[in-house]
Amino acid sequence: MNRARLPADRRRRAAVLTALGLVVALLATACGSGPPPDPKAKDLDTLYQEAKAEGQVIWFAPKPESQMRPAIDAFKKKYPGIDVKYTNKKAPDLVTQLNVEQAAERVSFDVSNAGGLTVLPSLDMAAKVDWADYQVPSDQVFADDFVYVWAVPKVWAYNTDAVAAKNAPASWDDLLASRWNDGKLTVESRGSFMTVWDQDPSLGSDAALDYASRLAKLNPHYTENTTQAHANIVSGQTPVGTDLINLVLEDQAKGAPISVAPVGPTNANKSYLFVPKGSPHPAAGRLLTAFLASAEGQAALVDTYNSVIPTDTDCTQAATNKVIGALCKAGVKWFSETDVKQYEQFSAFFPKVEDALGTDVN
């Protein structure tokens, strides 16, 4: 996708979401019914009974349903009588939809996702929950109402049919080599692949802008998101590019010619679940979220490359966790977010990176 198309695509998406907001508002006016009350349960057994009475839980997250299916099946086996309706929806679209629906007091789903730049706008949308009541480990609770359930490490990947392992870029500096000039790199235009530069003092945000400017001079092929960049690498359209390790591992397992390049350090973006204020099935939303944070839920997620990983580089679980194993095998160190201040820092950092890349569309 070239730069000229990005603004138009985003304008079209905004128009669709605005129209959605009008529809939701009209429905709310017509129906006039408010959201159900928050559950009273203070333990998992009682919560299950309340959730079973609700009968279903509606979960929106930016992941293919195939990746979530093992966890959904495990939840339904442990808690029979609760149907799970899952929708794969992009995180920015989730925020926009939830904002509109809460304003109209007509929220349509029970479990939402937040990560990266969607964390800050989601903070005020989350229902107040004491997750300790539902046995969620304290180190997986973020900003009181979010629950850390999986990480999304950002990596550089390469097409193994196009690039031999010995020739793959092995550092951030290697990516600036002239051999990657003129569209041989596919780069996510929002600059989130450079998050670690704003986290790691040895890199630094000022140096990041200089680096992004130098990268832009190579004339990379820009994509609107990392999923599109991943597709370009797998297809061989571009031999090297920004990616997510979860996508790399999923397609590797299918025999695709793609591998993680040993470029580091990187950011292992934490992804959180939360129950929105006004959700239609608040007990079921809490129950599903607590389950996904539990040892059983994590065991169901880990085989589809979605699970909690340590906040900083730690290869202790490399043999049992495929995401950790792949990062450690490639020699890629990682950092994750630790507090809200870091997300505030990122919100100021990314527009500057977009400007340096030449992809800002404001």
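In this predicted model, the structure holds 1 disulfide, which is formed between Cys315 and Cys328 with an S to S distance of 2.0 Å. The torsion about the S-S bond of Cys315 and Cys328 is about -100 degrees, and the disulfide is therefore left-handed. The pair links distant parts of the chain, the two residues being 13 residues apart, with Cys315 placed in the loop between helix 11 (295–302) and helix 12, and Cys328 in helix 12 itself. With regard to solvent accessibility, Cys315 has a relative accessible area of 40% and is thus classed as partly exposed, while Cys328, at a relative accessible area of 21%, is likewise partly exposed; the value for Cys328 may be read against the cut-off for burial, which is set at under 20%.

Helix 12, which carries Cys328 of the disulfide, also takes part in the second largest pocket, where helix 12 gives the most to the lining, with 3 residues. The volume of this second largest pocket is about 160 Å³. Its lining is made up of Leu249, Gln252, Ser259, Val260, Pro262, Ala326, Lys329 and Ala330, and at least two residues of that lining are supplied by each of helix 9 (245–253), strand 9 (258–260) and helix 12 (322–330). When the lining residues of the second largest pocket are grouped by class, 5 are nonpolar, 2 are polar and 1 is charged.

Note on methods: Residues are numbered from 1 along each chain as its sequence is written. This is a predicted model: local features need pLDDT of at least 70, side-chain atom pairs count only at pLDDT 80 or more; totals for chains, interfaces and linings use all residues. Side-chain values use heavy atoms; hydrogens and water are left out. On a 1 Å grid over the protein atoms alone, a cavity is a set of points where a 1.4 Å probe fits but cannot get out, and a pocket is an open set with protein on both sides within 12 Å along at least five of seven lines; lining residues have an atom within 4 Å of a point. Grid points are joined across faces, edges and corners, and a volume is the space filled by probe spheres set on the points. Helices (H or I, at least four residues) and strands (E, at least two) are DSSP runs, numbered from the N terminus. Ala, Val, Leu, Ile, Met, Phe, Trp, Tyr, Cys and Pro count as nonpolar, Asp, Glu, Lys and Arg as charged, and the others, Gly among them, as polar. A disulfide is a pair of cysteine sulfur atoms within 2.5 Å. Buried means under 20% relative accessible area, exposed over 50%, partly exposed in between (1.4 Å probe, protein chains only).
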